[in-house]
Amino acid sequence: MAKSGTRSTRCFGPLSASVAESAAEQAGDAFRALRRGIARSRGFSLHVCTCDSPATRDQLIGNLAASMPALTVHRFELADTDDDVLEAVAHVLTGASPGPVMVVGIERALRDDARLERILSGLNLRRAEWPMRIPFPVVFWLPQRLLGRLTSGAPDFFDWRSDTLEFPELSSIESRPFASREWLFGVDPQFSKQEQRERARELEARIAASRDSDDERVCRSRMGWWDELAILKLVRGDVDEALRIRREEELPIYERLGAVREKAITQGKIADILQARGELDEALRILREQLPVYERLGDMREKAVIQGNIAHVLMTRGQLDEALRILTDDVLPTLERLGDARSKAAAQTHIAHIFVTRGELDEALRILTDDVLPTFERLGAVREKAITQGKIADILQARGELDEALRILTDDALPTFERLGEIRFKALAQGRIADILQARGQLDEALRILTDDALPTLERLGDLREKAITQGRIADILQARGQLDEALRIHREEELPIYERLGDVREKAAAQGKIADIFLIRGQLDEALRILTDDALPTFERLGDLREKAITQGKIADILQARGEFDEALRLRREEELPVYERLGDVREKAAAQGKIADIFVIRGQLDEALRIRIDDVLPTFEHLGAVREKAITQGKIAEIFKARGQLDDALRILTDDVLPTFERLGDMRSKAVAQGNIAEIYMARGQLDEALRIRIEEELPVYERLSDVRHKAVARVNIAVIFLARGQLNEALDILADDALPTFEHLGDLRSKALTQGRIADILTARGQHDEALRIRTEEELPVYECLGDVCQKAVTQGKIADIFQARGQLDVALRILTDDALPTFERLGAAREKAIAQGKIADILTARGQFDEAMRIRTEEELPIYERLGDVRSQATAQVKVADIFVARGQFDEALRVLRESLPVCERAGDVRFKAAAQGRIAGILQARRQFDEALRIRTEEQLPFRKRLDRKTI
Amino acid sequence: MSETLLIMPDINDLPAITRLYRVCEPVESLNPIDPRWVDFDDVRGDENVVELYARSLRRATPDRADFKLFTGHRGVGKTSELYRLKGMLEEKSAGGKKGFLVVFSDVSDRLDVNDLDFPDLLVFVAAQLQQQLGKLQIPGFDPATTYLRHVWDEIRKLLGSEVELKGVEVEAGFAKLAIELRNRPNSRELLRAAVEQHSTSLLDAVNDLLTSAEASARIAGHAGLVLIIDGLDKLVRRDLGNGNNTHDRLFIDRSEQLASLCVHTVYTVPISLIYSPRFGQVQQSVGEHNAPVSMIRLRPKCEEPVLTDSPGMIKMREMVSKRCAHAGTSITDAFDNLETLNYLCELSGGHPRHLMMFLQAACNELDELPITRHAAEKAVRRYGNALLREVPDAAWDALKKFEQPQRDIPKDDLHQQMLFLLFVFEYMNGKIWYEVNPVLRTLERLRC
C-alpha cells in the first residue's frame with residue numbers, strides 16, 4: 001500500500017494472483033475517480049497517479065482524453081532541462097486551449113539527486129502560485145516506487161493533492177472499456193422502428209411544450225432533444241428534415257447564445273449529412289470553415305477530428321493521396337501528441353481504408369492487424385475490435401482468402417456483436433458473411449442469411465440505408481443466380497426509391513450502375529448505355545467523384561466492347577479511365593482496367609499485345625498487392641490467350657498447375673468451376689471430347705447446381721451441347737439446347753443468351769441440312785435480338801452464319817453479297833481483326849466454289865493468313881494453309897500444294913490439335929496417291945495418320 | 001419514513017402515560033411543521049448543514065448536477081433535517097419565484113436495507129420518479145417515456161418466465177420490480193443481474209426522464225428539480241468477503257453511478273462511510289466536502305463537563321417538554337423531579353432517538369405518570385445490557401480510550417463499526433471530538 005498522506009488516498013495493489021484478474025476493474029475504478037475529479041475541479045487541483053508501466057499510463061491518458069471530449073487534455077513530458085515544473089507547465093499552456101495537464105516523465109529527474117532537489121524545492125516554494133498560474137487540474141504521473149520520495153521531498157506541495165490514485169499495469173486481456181462517453185443524447189441503436197417513432201413523437205411533444213421558454217437550462221435540454229430528433233429523422237430517412245433541424249433550429253440558437261463550439265459541432269454534423277447525400281463540395285466547404293474556429297478555440301483535438309472528416313470526404317471523392325497526406329501529416333501527429341489512442345486507431349483505420357481502395361491490401365492489412373487491432377484490444381474496446389476484425393475479413397476476402405475471412409466474421413466478430421446485443425452490427429456482419437458465401441458460390445446460404453437474418457433486423461431498426469444496401473446484395477445474388485428480372489425489380493423498386501428518399505444521389509447512381517450491369521448481361525446494351533451516360537455518369541461528374549466516374553466509364557467501355565465498338569472502348573479505357581486511377585494512385589483499379597484493355601486486344605486478335613499487358617503490367621501488380629484471387633484470374637486469362645494462339649499445352653498447364661489450385665485453396669468454388677470450364681474447352685480444342693465432356697458434366701455442372709446458379713448451369717449445358725455437336729450427336733445436342741437451355745434463358749429474361757442458344761440450334765439444323773429452318777431462326781429469331789441489343793458485332797457474326805446457309809443452299813451470290821456488304825465492313829469498322837479474317841475466309845471459300853481461284857488465293861494469302869500470323873493464331877493459320885493447298889490442288893499445282901501442306905505441319909503441331917495434323921497428313925497422302933506414289937502415301941496413312949485417329953474420339957472423325 | 005405519518009393522539013380518551021408514550025415514538029421523524037419539532041441548530045455542529053446545503057443547491061449552476069451526502073448518527077434527526085431541507089428548497093424566493101420541485105423518497109420504505117445494491121436503488125429511483133412526478137401532473141410531462149419502456153421491455157425479456165412480470169407495463173413495472181427485489185431474497189441475484197445488464201440504459205432512461213421533468217418544472221416556474229433519497233444510511237454494514245462490505249459495494253464501488261444523475265441529488269449515507277479509507281473516492285465522484293449532521297453536544301466544549309444548564313441539555317429538555325405538551329401534560333407532571341429528566345438527557349448523550357427510547361422504556365415500567373428515577377435507571381440499564389451483548393469483545397479495549405473525549409479516531413474497520421453501531425458518538429463544536437455512548441460508562445465491562 002502506498003503512503004496515504006493527509007488526504008484521501010486510493011490504492012490498489014500490490015496485486016496477488018487471485019485478485020490480478022480484477023486489475024482492470026480496479027484501474028477502471030481509479031480511472032473513473034480521476035475523471036470525476038478532473039470534471040468537478042473548478043480551477044487548479046492536484047492529483048497524483050502512480051502507474052509503473054509507461055504504456056499503460058499513456059493508454060490511460062488517451063482514454064481520459066477520449067472520455068472527456070469537451071476538454072482538451074494536455075500531456076506534458078518533463079524535459080531534462082525543466083527544473084521549474086510550474087514554469088514549464090505554464091509555458092505549455094500559453095496560447096493553448098484550456099484543459100487539464102498530465103505531467104509525465106518526472107521519474108527521469110529523480111535519477112539526478114541535485115536536480116531532484118531543485119525540482120522539489122521549486123514545487124514547495126512556488127506552491128501558492130499554482131492555482132493562479134494554472135487554473136486547471138494537474139495530474140502528476142509517476143512510478144509507484146517514487147511516490148514516497150516525491151511526497152516527502154515536497155510535502156507542502158503534495159499535501160494539496162485531492163487524491164492519490166494507483167493504477168496497476170494492464171495487459172490487453174485484462175482491459176475493458178473504462179469510460180463510456182458521458183451521457184449525450186442520441187438514438188439508442190437498439191431501438192426498433194416502432195420505438196423510434198414513439199421517441200420522435202415524445203421529443204416533438206417535449207419541444208413543443210418548451211418552445212416558449214427562454215430559461216437557459218430548458219433551452220439546453222431543448223437543444224439536446226432537437227439534436228436527438230435530427231439523428232432519429234436521419235436514421236429514419238427523413239434527411240431533409242434532419243438538415244432543416246440542424247440549420248434552422250439548432251444553428252440560429254447557438255449563434256444567438258454565442259456558443260461558438262456548439263455551432264461548429266452542428267456545422268460538422270450538417271457536413272456529415274451533406275457528405276452522406278453525396279454533396280461533397282459543400283460538405284468540404286463547411287468542414288474547412290470549421291478549422292479556423294477550432295484553431296481559435298485552441299481545440300486541437302476537435303481540429304484533428306475535422307481534418308479527419310475532410311480526409312474522409314476526399315477519400316469519397318477519390319482524392320486518396322490528398323486524404324492520406326492529411327491523415328498522416330496532420331491528424332495522426334496531433335492525436336499522438338494528445339495521447340488519444342482511440343481516435344488515433346480510428347484515423348489509422350481510415351488510412352487502411354485508403355490502402356484498400358488503392359488496392360494495397362498487404363499494407364492495409366498490416367495497419368489493421370499490427371496497429372489498430374492491438375490498440376482496441378488494449379483499450380478493451382470490444383465493439384471497435386470486432387468492427388476492425390470485420391474490416392480485416394473484408395481485406396482477406398478481397399485477397400480471395402474467403403475461408404479465413406469467413407472464419408473471422410463467424411468466430412470472432414459475430415459472437416462479439418451478439419454478446420454486446422449490437423443487433424445492427426450483427427446484421428451488417430451477416431451482410432459481409434453473405435458476401436463471402438456469395439463469392440464462394442454458396443448463393444442459397446447467402447440469400448438465406450440476408451433475407452432471414454439481416455434484412456428483418458434492419459427493417460425492424462428502420463435503418464433504411466443499410467436495408468437498401470442489403471437489398472442491393474440480395475439483388476446481386478439473384479443476378480448471379482441468373483434471376484435477372486427479380487434482381488432488376490429489387491434494384492428499381494426497393495433499393496432506388498430508398499436512396500431517392502434519403503437524397504443519396506451517390507448510392508442512387510451506384511444502384512443505377514448495377515441496373516445497367518443487368519441490362520448488359522441481358523444484352524440490352526442500348527438501355528444499359530443510356531442509364532450509364534444519362535444518369536450515373538453525370539451524377540458522379542457533379543459530385544466530383546473521380547473514381548466512381550472512372551468506374552462508370554469503365555462500364556460504358558464494357559458495353560461498347562460488347563457492342564463490338566472496340567476502338568471507342570479502348571479510347572475510353574486509355575484516355576478516361578486509366579489516367580484517373582493513375583492520378584488517384586489506385587494501382588488495383590489500374591491493373592483491372594489494363595486487364596480489360598487486354599481483353600479488347602484479345603477480341604481484336606492482337607494476342608501478343610494482350611499477353612504483354614497481362615504478363616508485364618497486370619500480373620505483377622496483383623502479385624505485389626497480394627491479391628491472390630485476381631492473380632489467379634489473370635493467369636486464367638493468360639491461359640485463354642495461349643489457347644487462342646493454339647498453345648494448348650501451355651494453357652492447360654497454367655490452368656491445372658496455377659489457377660485451379662489457387663481457387664481450391666481459396667474455397668472459391670465458382671471461380672474453380674469457371675477454370676474447369678476453360679480446361680474443358682482446351683480438351684475440346686485438342687479434340688479430346690470425352691475428357692471435355694467428363695469435366696463439364698462431373699466437375700463444372702455440379703458446382704453450379706450446388707450454387708443454384710440457374711444461368712451458369714444453362715450456359716454449362718449449352719457448352720455440353722456444343723461437345724455433343726462436335727461428336728456428331730446432333731439429336732442429343734438439340735435436345736439440350738431446345739428443351740433445357742432455351743427455356744431457362746427465356747425464363748431468366750436473358751435475351752442475349754437465348755439468341756446465342758438459338759444460333760447453336762441453327763448450327764445443328766444446318767449440319768443436319770435443315771437449311772430453311774436454320775435460316776428462319778437466324779433471320780427471324782437471332783438477328784433481331786442483336787439488332788435490338790445494338791450488338792453490331794454479334795449481328796455481323798450472325799450475318800456470316802446466314803451467308804453460310806445461303807452458300808450451303810448454293811445461293812453463292814447472296815452469300816457473297818451478305819459477307820462483302822454487311823459483315824466485312826462491320827468487322828473492319830470495329831477493328832475486329834479475327835472476325836474480319838474469318839469473314840474473308842468465307843468469301844474465299846465461296847470464290848473457290850465459284851472457281852475464282854486467283855481472287856480466292858489472293859484473299860487467303862494477302863488478307864486472311866497475315867492476320868492469323870499476326871494474331872499468333874496457329875490453329876486458324878493451319879486451317880487457312882490447308883485451304884490454300886486445296887486451291888493449289890484445284891488448280892492442279894500439286895507441288896505447290898505439297899509445299900504448303902508440309903509447311904503447315906509444324907504449325908498444326910504447335911496448335912496442339914491432332915486433328916489438324918491428321919487432316920494435313922491426309923491431304924498429303926491424297927496428293928501422293930493421285931500421283932501414284934502409293935508407298936509413301938501408305939506410310940503416311942499408317943504411321944502418321946492412323947495413330948492420331950486412334951487417339952481421337954471415333955465419332956469426331 | 002413518510003412525512004404524512006403524523007401522530008395526532010386523542011387526548012381525551014387515553015391515560016396521560018399512554019399519550020406521552022405515543023408522542024415519543026423513536027422511529028418517527030418529525031417535519032418542521034410538527035409542534036414537537038425542536039430547532040437543534042445551535043447545539044449541533046458549528047454549521048447548519050441543512051441551511052448550508054439549501055444555499056449551495058440554490059446557487060449551483062443548473063448546467064451541472066450537484067450531489068450532497070447527508071450523514072450523521074442514526075437517530076440523530078437526519079430525516080427531520082431532510083424534511084427541513086425539502087421545505088427550504090420548496091420555499092419561494094425573495095422575488096416570489098417558485099422554489100424547487102423536490103422528489104423525496106425513503107429507500108427503507110420499499111427496499112431491504114439488509115441487502116441493498118445499486119440495481120435495487122436504480123429500479124427504486126426509476127419507480128419513485130415515475131410515481132411521484134406522475135402524481136404532480138406537471139404540464140407537458142409524461143412519466144412513461146420511450147427509454148424507460150424500452151429498458152423495461154429488455155429487462156422483462158431477460159427475466160423471461162423466471163419472475164412473474166407478465167402483463168406488467170412500464171407505468172408500474174419498476175415499482176413492481178422494486179417490490180420483487182425486496183420481497184424475494186431468493187430471486188434477488190437473478191433480478192439484479194437482469195437490471196445490471198441494462199444499468200447504463202436504465203441510468204440513461206432515468207436521466208432522460210429527469211431532464212424532461214426538470215424542463216417541465218422550470219417551464220412551470222420552479223427553480224429546478226431536486227431529488228432527496230433518504231434511508232440509505234440504514235443500509236446494514238455486512239462483510240461480503242474479499243475485503244468488501246455492503247457499504248463499500250454501494251457507496252464506493254458505485255459512487256460514479258450515484259453521481260451520474262442529471263439533477264441535484266441528496267443521498268443519506270451511513271456515518272461510518274466518511275471514516276472509510278476509501279471515502280476519498282466517493283468525494284471524487286460526489287465532489288464537495290460533506291459535513292455530517294452532528295450529535296447534540298451536551299458538553300459545550302470537548303474539555304468542559306456536562307452541566308444541567310448547558311445549551312445542549314436545555315435543548316434536550318425542550319424536546320421532552322414539547323412532547324409532554326403535545327401529550328397534554330407537562331414536565332412537572334411527567335417526571336417525579338427534574339433530576340430524573342436530566343439523568344435521562346445526559347445518558348442519551350445528545351442522541352434524540354435514544355432519549356425517546358429511554359422515555360418509552362421508562363413508561364413501560366409504570367402504570368401511570370410520573371416517570372420515577374427508578375424507572376429511568378431501569379430503562380437505561382436495559383439498554384446497557386443490550387450494549388453489553390452487542391459490543392464485540394475486540395472493541396472493549398478500543399472503547400476505553402473514548403471514555404474521555406478524544407480529538408481523533410483511527411480510520412479502520414473496527415472504529416468505523418463503533419461509529420456506525422453508536423458505541424462512539426461524534427460531536428462537533430468548531431472541532432470534532434469523539435466519546436463513548438454514555439450508557440457504556442455505566443457498565444463495569446468498560447473499566448475492567
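These legends go with close-up views of a helix pair in chain A and a sheet in chain B, all from a predicted model. Local features here need pLDDT of at least 70, side-chain atom pairs count only at pLDDT 80 or more, and totals for chains, interfaces and linings use all residues. Residues are numbered from 1 along each chain as its sequence is written, with chains lettered from A in the order in which they are written.

**View 1. Helix 33 (residues 669-685) of chain A packs with helix 34 (residues 689-706) of chain A.** Helices are DSSP runs of H or I, at least four residues, and strands are runs of E, at least two, numbered from the N terminus. The axes sit 8 Å apart at about 165 degrees (lines fitted to C-alpha atoms over the stretch in contact; angles run from 0 to 180 degrees between N-to-C directions). Helix 33 and helix 34 of chain A are therefore roughly antiparallel (angles over 145 degrees).

**View 2. Here's who makes the contact between helix 33 and helix 34 of chain A.** Contact means C-beta atoms, placed from the backbone, within 7 Å. Helix 33 brings residues including A:Met669, A:Ala673 and A:Tyr683, while helix 34 brings, among them, A:Leu689, A:Ile695 and A:Tyr704.

**View 3. Chain B has an open sheet of four strands, order 1-6-3-2, with parallel pairing.** Strands pair if DSSP finds at least two bridges between them. Strand 1 (67-71) and strand 2 (101-106) of chain B are at the edges with a single partner strand each, so one side of each lacks a neighbour in the sheet. The twist averages 15 degrees from one strand to the next.

**View 4. Strand 1 of chain B pairs with strand 6 (residues 264-269) of chain B over five bridges, in the parallel sense.** Look for B:Lys68 opposite B:Val266 of strand 6.

Technical notes
Parallel < 35°, antiparallel > 145°, perpendicular 65-115°, else oblique. Contact = placed C-beta atoms within 7 Å.
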